[in-house]
Amino acid sequence: MSGGLLQIHDPLRPQGPVVGIDLGTTNSLVASVLQGKPTCIPVDEAGGVLLPSVVHYAPDGSVAVGARARELAQEHPTTTLASVKRFMGKGRHDAETRKLGAYRFADGAGDVVRFEVAGGAPVTPIEVSAEILRALKRRAEAFFSARVEQAVVTVPAYFDDAQRQATRDAGRLAGLEVLRLLNEPTAAALAYGLDKGSQGTFAVYDLGGGTFDVSILQLVEGVFQVKSTGGDSALGGDDFDRAIAEQMLAARGLAAPTPAQVTALLAAARVAKEALTTEESTVLEVEGHRTELARAQVEQWIAPWIQKTGPVCRRALKDAGLTAADLDGVILVGGATRVPAVRRFVEQLFGRPPLGDIDPDQVVALGAAVQADLLTNAQRQDEVLLLDVIPLSLGLETMGGVAEKLIQRNTTIPTAASQVFTTFQDDQTGIDIHVVQGERELVADCRSLARFRLSGIPPMAAGMARVEVRFEVNADGLLSVSARELSTGVAQSITVKPTHGLTDEQVEQMLLDSIEHAEEDIQARQLVEQRVEAERVLADATKQLKENPDLIEASERSELEAVMAEVRRLASGNDAEALRETMRLLDELAKPFLERVMNRAMNRALAGHSVEQV
Amino acid sequence: MECWNCQSELTAAPVVCPRCGKVQPVPPGATLFDALGLAPSVEVDLPAVERTYRERSLLVHPDRFATAQARERRFALEQTTLLNDAYRTLRDRAARAFYLLKLHGQDLTREDAGAQRAMPHAFLEEVMALREALDAHRTARALEPARAMSEDVGRRRTAALEEAERALGELLRGGGQASALDAASQALARVRYFTRFLEEVEAMEEALAE
């Protein structure tokens, strides 16, 4: 036995085993490398390794996690929380909170989701996740008879910065040092790669309870290089359950079901879905209502959700610069890939039967255990290395609400980029910086991560201050932003925290939408650029007219002012083409006047020169 | 220069100290070519770049230092960040050319810089005409003629890139400094315009495919 109480604690090398944790939407697992082999650790008396990601809050303040909590869900539907992963890093009014479910949402400080529970104050998804992590930690400690303090925790590859930050915070709350946030498909590939000692290019199709990821990876000489990733962090097997439950509600004409009815229906739908993975038909029974369900019927109901994964996979292949024919294999991950319709869809999409020889429920946890071992076991360090990518582009808001991308999606992490900004006005002492994540051209269509202000810029003429903003994304995919004024070195550093809950079905939709809206975006961007240009031209013309009234005849002036008014009017409209045309006309008309202004300025300059020479 | 850990004298700025094996900080002014152990050049040996990238990643990646002290972890992060940037930039022919130009003091990749590069009037008119034609195809949702334009512009882009590479090659050999720099800059500014155009056609194709 190792890791006893008498061992001296070295803060740099905490004692005890390191584990890999798959913190799933439906089930969570903990695994570790035992005698050189990644193994899932039992979490119940029967030796099962799946801990249901369900937490029950009792009126006396006690908390139950796992199978016991799931049993209590029927009697206490709103104080028993399932699938909270869907709400990680989300705001109070996120689209996710409007889906069918028995949650009772609470208000509170800051824009995060909170659930009303018995026996205490409302809890956030971070706290609920921490309960699950704590339960896993305790099970592992009982198994090893030793303290477990370090873990690799997996996240969907498509999680944005706010969702990753929330997961890391949950680990911290549970008393775990999170050695690495590891992307789930990458973890799965690691489990397969080591098993087979293979080389080649693989696609990982990961459809879990609440999230979908696809990653394209290349394995060469022990280096796993993620080429591209894509996904939808609000799509999974839960949607299949809801689709079935909604059909049942409609059939019974239940428009306003009680939370208990919703919980019962969702549970029955899940059981039916699982039965239909092996049977052609099953009976769904809720509150004495028996419904015969055929597999073909249910496949029709869930088809729209399965099909949503198609464009995401095609985009990932394209981003990797590959076609399906270039792949050496397709790996299935996640419980929802047990559904035969999903398997058929994947086979058709990639033109080959997928690999599923490692249990799709366990493969992510096994890979996480391997990574935990690689990170801490000096003897294994030369074996394998993972090179992962950032899933969504990062950018800054620029003039006119246009998002300028500084780090493109699918860039290998860690990475960094910087951009120099300048002041627009004399003696301007602050610059506001808005950090966004997403693929769309306009800031309004991206997810806002944080706003911060660089202050204390020494007063200088407009354009003289030069502020360098640097984005750093570390190997966990977490972003930090720093900024400094180059001539004085005035610095401010922030770590991006999920500061606001957002109107973001868009977040997951962003990449999909950017395909649909690509054309619209370009036009919108052109319009914004035209407007900025129009304002500059108008300001310039007004200034010259004011300073040189004697250089323009009255008729010429009134004509010019009429066209200026027209430019002003069009700049507040949406017709980029008309605006461009009218600006061209203004340019023509102003030319003779501006030439006279220019001549005067030159004459003055020359005169000044000769005076000095005298 | 000496190793921050064992103080042994270091020559040629190694990534890790040959004596104690600790990761060293990125030396000031290190270029992307330095990160991959290459001399600045227009052409690179791509298989060699892949190999060096893997080898150096295995040496300096933060995963190798998960339990190391904070200072060494920071150096590993810096080294890997530079290495990743080098790999991404130098593998791509156009990105490499833009980077070489940047090493000669002209950064055309920044959003605000390209617009400042004064372009010959004839070229601007050419681009304007291309854009107007593409706008017409977009309005008509006519994909085939847009694709034909894309192929033609792709050829013009390659030609401009080759021209830039010749000028950059001359610069690197130490010949015709000012004129070669100007020729490279002009040619790459054209590449930038053409690339934008190709991206627009691609966006249009995706929009129409939906």
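**Exercise 1. Contacts and burial in chain A**

What share of the contacts in chain A with a separation of 6 or more comes from residues 24 or more positions apart? State also how many residues of chain A count as buried, as a percentage.

Solution. The model is predicted. Step one: take the contacts in chain A with a separation of 6 or more; residues 24 or more positions apart account for 68% of them. Step two: chain A has 614 residues, and 46% of these count as buried. Step three: the secondary structure of the chain consists of 14 helices and 24 strands.

**Exercise 2. Confidence**

Which parts of chain A should be set aside before details are read, judged by a pLDDT under 50?

Solution. Step one: begin with the complex as a whole, for which the predictor gives an ipTM of 0.89 and a pTM of 0.80. Step two: go to the chains. Chain A has a mean pLDDT of 84, with 89% of its residues at 70 or more; chain B has a mean of 89, with 95% of its residues at 70 or more. Step three: look at the ends of chain A. Over residues 1–13 pLDDT stays under 50, and the model has eleven contacts beyond four places in sequence for this stretch. Over residues 609–614 pLDDT also stays under 50, with zero such contacts. Where pLDDT is low, the predicted coordinates should not be read in detail. Step four: in chain B, compare the elements. Helix α5 (residues 111–114) of chain B has the lowest mean pLDDT, 52, and helix α1 (residues 32–35) of chain B the highest, 96.

**Exercise 3. Domains**

Give the domain division of both chains, and describe how domain 1 of chain A meets domain 2 of chain A.

Solution. Step one: chain A is divided into domain 1 (18–235 + 308–387), domain 2 (238–304), domain 3 (394–502) and domain 4 (519–613). Step two: the C-alpha centres of domain 1 and domain 2 of chain A are 25 Å apart. Step three: across this boundary, 19 residues of domain 1 of chain A contact 15 residues of domain 2 of chain A. The side belonging to domain 1 has nine nonpolar, seven polar and three charged residues. Step four: chain B is divided into domain 1 (1–91) and domain 2 (109–209), and the C-alpha centres of these two domains of chain B are separated by 34 Å.

**Exercise 4. Two open sheets in chain A**

What is the strand order in the five-stranded sheet and in the four-stranded sheet, and which strands stand at the edges?

Solution. Step one: the sheet of five strands is open, has mixed pairing and follows the order β15-β10-β11-β12-β16 (chain A). Its edges are β15 (329–333) and β16 (385–387) of chain A; each has a single partner strand, so one side of each lacks a neighbour in the sheet. Direction ignored, neighbouring strands of this sheet are turned by 25° against each other on average. Step two: inside it, β11 (residues 212–220) and β12 (residues 223–232) of chain A run antiparallel and are joined by nine bridges. One bridge pairs A:Q218 with A:Q225 in β12(A).

Step three: the sheet of four strands is open and antiparallel, in the order β18-β17-β20-β21 (chain A). β18 (402–407) and β21 (447–454) of chain A are its edge strands, pairing on one side only. From one strand to the next the twist averages 30°. Step four: seven bridges join β20 (residues 431–437) of chain A to β21(A), in antiparallel fashion, and A:Q437 is opposite A:R447 in β21(A).

**Exercise 5. A hairpin**

How many residues lie between β22(A) and β23(A) in their hairpin, and which residues make up the two faces of β23(A)?

Solution. Step one: five residues separate the two strands of the hairpin, and A:G477 in the turn has a positive phi of about 80°. Step two: β22 (residues 466–473) of chain A runs antiparallel to β23(A), with seven bridges between them; A:E472 has A:S480 as its bridge partner. Step three: sort the residues of β23 (residues 479–485) of chain A. A:L479, A:V481, A:A483 and A:E485 form the covered face, while A:S480, A:S482 and A:R484 form the uncovered one.

**Exercise 6. One residue in a loop**

Is A:T79 buried or exposed?

Solution. Step one: place A:T79 in the loop between α1 (67–72) and β7 (80–82) of chain A. Step two: count C-beta neighbours inside 10 Å. A:T79 has 22, and a residue is buried at 20 or more, so A:T79 counts as buried. Step three: list its contacts, leaving aside neighbours within four places in sequence; they are A:H56, A:Y57, A:V117 and A:A118.

Definitions and conventions. Residues numbered from 1 in each chain as written. Chains lettered and ligands numbered in written order. Predicted model: local features only at pLDDT ≥ 70, side-chain atom pairs only at ≥ 80, totals over all residues. Domains from an automatic or database assignment. Contact = placed C-beta atoms within 7 Å. Nonpolar A, V, L, I, M, F, W, Y, C, P; charged D, E, K, R; others polar. Buried ≥ 20, exposed ≤ 12 C-beta atoms within 10 Å, placed from the backbone. Pairing = 2+ DSSP bridges. Axes fitted to C-alpha atoms, helices over the stretch in contact; angles between N-to-C directions. pLDDT = per-residue confidence, 0-100.
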